[in-house]
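Biologist: Could you take me through the cysteines of this protein, slowly enough for someone in their first year? Once we have those, I would like to see what lies around them.

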Amino acid sequence: MEENMEEGQNSKGCFECCVKCLGVLPYASLFATILLYAGVALFCGCGHEALSGTVTILQNYFEVVRAPMETLDVLTMIDILKYVIYGVAAAFFVYGILLMVEGFFTTGAIRDLYGDFKITACGRCVSAWFIMLTYIFFLAWLGVTAFTSLPVFMYFNIWTICQNTTVVEGANLCLDLRQFGMVTIGEERKVCTGSEKFFKMCESNELDMTFHLFVCALAGAGAAVIAMVHYLMVLSANWAYVKDACRMQKYEDIKSKEEQELHDIHSTRSKERLNAYT
């Protein structure tokens with residue numbers, strides 16, 4: 001009988017612990033963090049593979065060769081973009097963790113456990129700093145989304161021409177890299193419809209795969225933008241809560257001080273009356 005009672009108490013304790021853990025979770029920050037990680041992972045993974053596919057297409061079908069080390073060509077810029085992608089993935093992994101920690105300390109249950117850190121001057125400064133930094137990252141991701149739409153547009157035009165080869169048959173259309181600024185004006189790197197390289201490029205898996213990878217990277221950048229907007233809403237709400245909590249704390253301090261003064265006055269008068277009576 002006692003064992004059954006102990007088991008019931010243990011199960012009740014575990015249930016209360018689970019409910020308490022669920023109560024301290026900052027669900028808004030958690031949702032924004034998941035969306036941010038998904039968007040960044042999609043952008044970085046698909047973008048990296050799409051850039052590798054672009055290098056393959058440029059070398060195999062447009063005969064683009066790597067320039068000497070001191071010259072900045074399109075292949076070198078693609079390598080730089082890959083390193084930038086590595087940095088973006090690492091930076092936003094850390095930033096998502098920081099925003100989650102900030103959300104935890106704003107949660108009421110955590111504040112009750114660890115004190116009113118958020119309503120101190122340091123806590124308000126941290127919240128304001130996160131709002132400013134998140135807004136800057138929001139503008140940066142808007143720029144990244146716009147920049148990612150350029151290769152999507154370029155590959156869409158190429159992919160459309162390949163899908164309609166029967167329509168353009170007889171027309172002399174050429175894909176010239178000079179039009180996209182990938183090579184200098186003096187270099188002629190183009191593939192024209194009707195040529196063997198054009199048909200090989202259209203039939204290859206690299207073109208179709210690279211195009212769809214860039215589309216996925218664009219979707220990932222858009223998801224990161226939405227995550228930044230969500231973070232801004234969460235941080236703004238937290239900031240409003242911090243200001244209200246700070247005002248309420250000052251009000252409670254003043255009220256407590258006045259009550260203490262009134263209590264001291266009543267105590268003094270009671271002693272005076274007692275002394276006068278005796």
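Modeller: Let's begin with the disulfides: this predicted model holds two of them. In general, a disulfide is a covalent bond between the sulfur atoms of two cysteines.

Take the bond between Cys-162 and Cys-202, where the sulfurs are 2.0 Å apart. Cys-162 sits in helix α5 and Cys-202 in helix α6, so this pair links distant parts of the chain, 40 residues apart. The torsion about its S-S bond is about -65 degrees, so the disulfide is left-handed. Are its two ends buried or exposed, or something in between? Cys-162 counts as buried, at 10% relative accessibility, while Cys-202 has a relative accessible area of 21% and is partly exposed. The cut-off explains that verdict: buried means under 20%, so 21% falls in the partly exposed range.

The other disulfide joins Cys-174 to Cys-192, with an S to S distance of 1.9 Å. With 95 degrees about the S-S bond, this link is right-handed. Here the partners lie in strands: Cys-174 is in β1 (residues 174-176) and Cys-192 in β2 (residues 190-192), so the bond ties together parts that are 18 residues apart in sequence. Cys-174 is partly exposed, at 28% relative accessibility.

Now number the bonded cysteines in sequence order, and the pairing reads 1-4, 2-3. Some cysteines stay out of this scheme. Cys-44 is in no disulfide, and the nearest cysteine sulfur, that of Cys-46, is 9.8 Å away. Cys-44 is also buried, at 8% relative accessibility. Cys-216 is in no disulfide either; for Cys-216 the nearest cysteine sulfur is again that of Cys-46, at 4.5 Å. Why does that distance not make a bond? A disulfide needs sulfur atoms within 2.5 Å, so 4.5 Å does not qualify. Cys-216 counts as partly exposed, with 32% relative accessibility.

Next, look at what lies beside one of the bonded cysteines. Met-201 comes just before Cys-202 in the numbering. Leaving aside neighbours within four places in sequence, Met-201 is in contact with Ile-57, Tyr-61, Phe-62, Ile-158, Leu-175 and Leu-207. Met-201 also belongs to the largest nonpolar core, which has 50 residues. Met-201 is among the residues with the most contacts inside this core, along with Leu-36, Leu-58, Phe-62, Phe-92 and Trp-141. Helices α2 (27-61), α3 (74-106), α5 (121-163), α6 (196-203) and α7 (205-277) each supply at least two residues of the core, and α7 gives the most, with 13. As a general picture, in soluble globular proteins nonpolar side chains tend to be buried together.

Aromatic rings are worth a look too. The whole structure has 14 aromatic pairs. In one of them, Tyr-95 and Phe-137 have ring centres 4.9 Å apart and planes at 80 degrees, so the pair is edge-to-face. Tyr-95 is in helix α3 and Phe-137 in helix α5, 42 residues apart, which again links distant parts of the chain. Tyr-95 counts as buried, at 5% relative accessibility, whereas Phe-137 is partly exposed, at 24%. Another pair, Phe-156 and Phe-211, is tilted, with 6.3 Å from centre to centre and 40 degrees between the planes. Phe-156 lies in helix α5 and Phe-211 in helix α7, so this pair ties together parts that are 55 residues apart in sequence. Phe-156 is partly exposed, at 40% relative accessibility, and Phe-211 is buried, at 7%. There is also one aromatic cluster made of Phe-43, Phe-92, Tyr-95, Trp-129, Phe-130, Phe-137 and Trp-141.

Finally, how confident is the predictor, and where does its confidence drop? The mean pLDDT of the protein is 80, and 73% of its residues reach 70 or more. Among the elements, α2 has the highest mean pLDDT, 93, and helix α4 (residues 108-114) the lowest, 48. Over residues 113-119 the pLDDT stays under 50, and the model has 18 contacts beyond four places in sequence for that stretch. As for α2, this helix has 35 residues and reaches 50 Å from its first C-alpha to its last, close to the 51 Å expected at 1.5 Å a residue. Glu-63 follows α2 and has a positive phi, near 55 degrees.

Terms used:
Residues numbered from 1 in each chain as written. Heavy atoms only, no water. Core = buried A, V, L, I, M, F, W, Y, C linked by side-chain atoms within 4.5 Å. Buried < 20%, exposed > 50% of the residue type's maximum accessible area, 1.4 Å probe, protein only. Helix = DSSP H or I, 4+ residues; strand = E, 2+ residues; numbered from the N terminus. Contact = heavy atoms within 4.5 Å. Phe/Tyr/Trp six-rings, centres within 6.5 Å; stacked < 30°, edge-to-face > 60°. Expected span 1.5 Å × (residues − 1). pLDDT = per-residue confidence, 0-100.
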